[in-house]
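This report describes how some helices and strands are arranged in one protein model. Look at the structure first, then read on.

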Amino acid sequence: MSAFFAVGLSHMSTPVAVREGLAVRPGTLAEVAAALKADCGLDEAVLLGTCSRFEVYGACLSDGAPDRVQAWLSARAGRDVSAFAYRHDGPEAVKHLFRVAAGLDSWIVGETEILGQVKTAYQGAQAAKTAGRVTNILFQKAIGAGKAVRSGTKIAEGIRSVGGAAAILARKLFGQNGARRVVVFGAGQMARTAAEHLIAKGVDSLTVANRTYEKAVELAEALGGKAARFDVALAALHEADVAVFSTSAEGFVADAVLVAAAARRRDGRSLFLIDVGMPRNVDPAAASVPGVYLYDMDDLKRMVARDQESRKDAAAEADKMTAELSEDAWARVTRPVPAGGPS
């Protein structure tokens, strides 16, 4: 059996500025996974890239595979990542994967988005034909464990997603009736979640803007909002009380100049920008513009710290359950393969 391992970087130890250099563009996950497998000489590979982590799960018979993967990560990031990278081998790597799928390694404990992201990572590996017996078993079991832990414990109560955290932040900033006009840039799952939570908190108007206008229309219609062309919405940024940025653009979609121009047109009213894009969508320099309050992923992480305190008991129960499920999965992987083929 090929040795199984995990090498990665996450919000736990790696700042946004480093993680964003590793971001995978939408639609390229299979392509990047295939390149990773070939470049590092792996037998199997699954690549998990989210706004909070970038991890490689690999299986390989030859020695030195984790070191080759870490070097690959450094090359992709354009900097040495050894100070931030972590490595897990064998059963510890399996346990880590299961904890990730269960939301136990997330900065919002029990968050729901990561399970879908693990599924996407596995589907990308299947599409790229980089998955094999080991990763097939472990990822299928991990996805099942992620569902079981959430249904069998109270870990998913409270704030459960980045979108939910963004909405609660907007409510705290504006009070019950202050944030009346919201614009969301992006139409992916995180943008949708943020929009759904904002609507639940009560807004007068919701605008969805996306580079692909048809996707903006689809999400806006589903949520009872209106769609806008991306550039048009940016030009009208001054009309929003809250703007949520959740696109996969490689460069800043809102620089400090654009934000400053919007702030000047608000007659002294505050403008709140919530950037959950990876890489970041808003130039950090925009935070220095008078009247502008910019929050990124790390800011949201600090904001929900108190919420996590209330889930310590549930997290401990979920951790125990996850450990047992991961041990069972590892036993399945290490079981001798019947002469007739994979089990």
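In this predicted model, helix α4 passes helix α6 in a right-handed crossing. The two axes come within 8 Å and cross at roughly 45°. Angles under 35 degrees count as roughly parallel and 65 to 115 as roughly perpendicular, with the rest, short of those over 145, called oblique; α4 and α6 are therefore oblique to each other.

Which residues of α4 meet α6? They are Val94, Leu97, Phe98 and Ala101. On the α6 side, the residues met are Leu138, Phe139, Lys141, Ala142, Ala145, Gly146 and Arg150. Sorted by class, this contact has eight nonpolar residues, one polar residue and two charged residues.

The model also holds an open sheet of six strands. Strands of a sheet pair through backbone hydrogen bonds, either parallel or antiparallel. Here the pairing is parallel, and the order of the strands is β7-β6-β5-β8-β9-β10. β7 and β10 stand at the edges with a single partner strand each, so one side of each is left without a neighbour in the sheet. From one strand to the next, the twist averages 20°.

Within this order, β5 and β8 pair in the parallel sense over four bridges. Val183 stands opposite Ala243 in β8.

The table lists the residue ranges of the elements described above.

| Element | Residues |
|---|---|
| Helix α4 | 90–101 |
| Helix α6 | 133–152 |
| Strand β5 | 181–185 |
| Strand β7 | 226–229 |
| Strand β8 | 242–245 |
| Strand β10 | 292–295 |

How values were computed
Residues numbered from 1 in each chain as written. Predicted model: local features only at pLDDT ≥ 70, side-chain atom pairs only at ≥ 80, totals over all residues. Heavy atoms only, no water. Axes fitted to C-alpha atoms, helices over the stretch in contact; angles between N-to-C directions. Helix = DSSP H or I, 4+ residues; strand = E, 2+ residues; numbered from the N terminus. Left-handed = near helix turned anticlockwise from the far one by under 90°. Contact = heavy atoms within 4.5 Å. Nonpolar A, V, L, I, M, F, W, Y, C, P; charged D, E, K, R; others polar. Pairing = 2+ DSSP bridges.
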